[in-house]
Amino acid sequence: MRRVRPLGLRAGVTVSFTLGATALATLAALGTYAVTREYLLDQREQAAVRQAFVDASSVRDGLRTSGVTVGDVLGAVSPPTGSELLVRRGERWYSASLQVGGDDVPASLSTAVAAGTAGVTWTRVDGEPAVAVGVPLPAVTAEFYEVTVTEELERTLLAVRTALAAFALSTAVGGALLGAWASRRAVAPLHAVAGTAARIAGGEPGTRLPPTTDPDLATIVGSFNSMVDALEEQIQREVRFSADVSHELRSPLTTLVTSVALLQRRREELPARSQQALDLVDRELGRFARTLDDLLELARLESGTTARERVSTGAADLARQALDGSGRRDVPVRGGGDAARVRVDVEQVGRALVNLFDNADRHGEGLVEVVVQRVGDRVRLLVDDAGPGVPPGERQRVFERFARAGSRGSLPGSGLGLSLVAETVRAHGGTVRCAASPQGGARFVVELPASDALVPAGATAAAARRDEEPA
């Protein structure tokens with residue numbers, strides 16, 4: 001069974017306004033129509049009664065004249081258009097025309113008139129509504145009836161119904177428009193908060209909500225900005241702590257590296273077991289030094305102190321420089337061209353690419369190739385390795401600091417290389433993700449804005465990750 005998706009806030013407000021306006025307009029239209037119809041019917045009845053008494057008086061006076069027949073009397077009376085006259089004497093009916101006869105007079109009305117009471121009632125003649133008025137004429141031993149077809153009243157009521165229906169419809173449309181406007185105005189502050197939060201998450205920690213004079217929003221704006229200030233301060237404290245710790249460790253590390261280097265020059269004088277221990281210390285000191293360098297670079301990236309001049313360069317040339325500088329001249333670079341150009345800090349991005357290459361060699365059984373593509377306003381660099389790949393559930397986690405996916409925990413490395421890649425790419429307004437290579441290994445996809453379609457740094461960090469296109 002398909003689950004019904006709930007309405008959003010804006011849609012809910014718009015629907016509420018629409019339904020409310022429709023309900024109110026419908027009730028108002030029905031009430032107005034009922035009152036108007038009752039008033040028009042009452043007025044029509046009164047006019048019919050007045051006219052019937054006038055015509056009945058004329059018929060009564062005519063019948064008092066000796067030698068005059070009922071037909072002559074009815075022919076001498078001129079009723080309004082649409083009205084027909086009837087006279088009943090005994091059991092016989094007399095009519096001024098052939099269109100209306102005694103059968104058209106309701107039995108309840110004829111019974112009341114025969115009992116000596118004038119009356120009025122509504123009926124239908126040939127399918128049309130009509131008002132029938134009966135007046136007893138005891139002076140001439142007769143009963144007078146006047147039946148008036150009310151076509152004009154029906155046309156008037158139809159016009160009223162049409163006008164009220166149009167009013168209800170226009171009110172419903174107006175309610176929908178008002179609801180759309182009100183919902184847009186109501187959620188505008190939420191959009192502002194969401195946009196500001198997205199910019200902060202995208203690498204603009206100094207972004208704040210603008211001050212407002214709205215007393216209902218002032219508290220929210222102040223609380224949000226205070227929260228962001230506190231969060232930024234906490235992040236800065238952590239960044240400073242990491243940088244300070246890394247910096248303070250460099251002096252003793254330098255001393256240890258120098259000491260080990262001296263021992264290495266005289267390793268032949270040491271016993272075999274001491275040489276093994278010296279090699280182990282040398283290897284771990286190198287790893288320690290790389291970790292400190294990565295921590296310092298991460299701290300500089302997060303604090304924004306690494307901003308250097310960015311230049312436009314070909315993505316393929318950048319990849320070849322990183323390969324040559326890291327001793328991988330035999331790895332092919334495919335694609336590229338004049339269109340695949342990016343504006344970057346060459347040193348930072350080159351270091352990030354070297355980290356990807358080292359990751360491929362260390363954890364992916366060797367770097368296979370680098371592919372450069374121009375896709376819309378983005379430039380992609382695809383780094384493929386020959387390893388078993390990264391499980392789908394680990395592809396996002398590998399970019400976290402000190403994270404090690406799969407067999408990485410048994411291999412040397414600090415777990416900072418890929419997180420440094422992610423921070424560097426994000427600082428350049430790009431994204432990086434891990435996918436499956438068509439050759440079976442892992443594929444790391446770096447996307448950077450093309451130099452002719454540059455976007456602000458961090459603008460795409462919160463964007464949805466796109467599916468990888470085949471090389």
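Trainee: What makes Arg-433 and Glu-447 a salt bridge?

Mentor: This is a predicted model, by the way. A salt bridge needs a side-chain nitrogen of Lys or Arg within 4 Å of a carboxyl oxygen of Asp or Glu. Here the N to O distance is 3.5 Å, so the pair passes that test. Arg-433 sits in strand 11 and Glu-447 in strand 12, so the bridge ties together parts 14 residues apart in sequence.

Trainee: Which residues belong to the network with Glu-447?

Mentor: Arg-378, Arg-380, Arg-433 and Glu-447 are joined through salt bridges that share partners. One of those bridges runs from Glu-447 to Arg-378, with the closest N and O atoms 3.8 Å apart. Since Arg-378 is in strand 10 and Glu-447 in strand 12, that pair links parts 69 residues apart in sequence.

Trainee: How do you know whether Glu-447 is buried or exposed?

Mentor: Buried means under 20% relative accessible area. Glu-447 comes in at 2%, so it counts as buried. Arg-378, with 7%, is buried too, and Arg-433 is buried with 6%.

Trainee: Why is Asp-452 called buried, exposed or partly exposed?

Mentor: The cut-off for exposed is over 50%. Asp-452 has a relative accessible area of 58%, so it is exposed. Its salt-bridge partner is Arg-374, with 3.1 Å between the closest N and O atoms. Arg-374 has 30%, so it falls in the partly exposed range.

Trainee: What makes Phe-241 buried or exposed?

Mentor: Anything over 50% is exposed, and Phe-241 reaches 59% relative accessibility, so it earns that label. Phe-241 is in helix 5. With Val-245, Leu-249 and Phe-288, Phe-241 forms a nonpolar surface patch of about 340 Å² accessible area together. Helix 5 gives the largest share of that patch, three residues.

Trainee: How do you know which label suits Thr-156, buried, exposed or partly exposed?

Mentor: Partly exposed lies between 20% and 50%. Thr-156 has 36% relative accessibility, so partly exposed it is. Thr-156 lies in helix 4.

Trainee: What does the side chain of Thr-156 reach?

Mentor: The backbone oxygen of Glu-152, at 2.9 Å. A polar contact has to be within 3.5 Å, so that distance fits.

Trainee: Which elements each supply at least two residues of the lining of the largest cavity?

Mentor: Helix 8, helix 9 and strand 12. Helix 8 has the largest share, four residues. About 50 Å³ of space lies in this cavity, and the lining includes Val-349, Leu-356 and Val-446.

Key
Residues are numbered from 1 along each chain as its sequence is written. This is a predicted model: local features need pLDDT of at least 70, side-chain atom pairs count only at pLDDT 80 or more; totals for chains, interfaces and linings use all residues. Side-chain values use heavy atoms; hydrogens and water are left out. Patches are made of residues with over 30% relative accessible area and no salt bridge: like charges are joined within 9 Å, nonpolar side chains (Val, Leu, Ile, Met, Phe, Trp, Tyr) within 5 Å. Accessible areas come from the Shrake-Rupley method with a 1.4 Å probe; for residues, only the protein chains shown count as cover. Buried means under 20% relative accessible area, exposed over 50%, partly exposed in between (1.4 Å probe, protein chains only). A polar contact is a pair of N or O atoms within 3.5 Å; within protein, one must be able to donate a hydrogen and the other to accept it, and residues adjacent in sequence count only if both atoms are side-chain atoms. On a 1 Å grid over the protein atoms alone, a cavity is a set of points where a 1.4 Å probe fits but cannot get out, and a pocket is an open set with protein on both sides within 12 Å along at least five of seven lines; lining residues have an atom within 4 Å of a point. Grid points are joined across faces, edges and corners, and a volume is the space filled by probe spheres set on the points.
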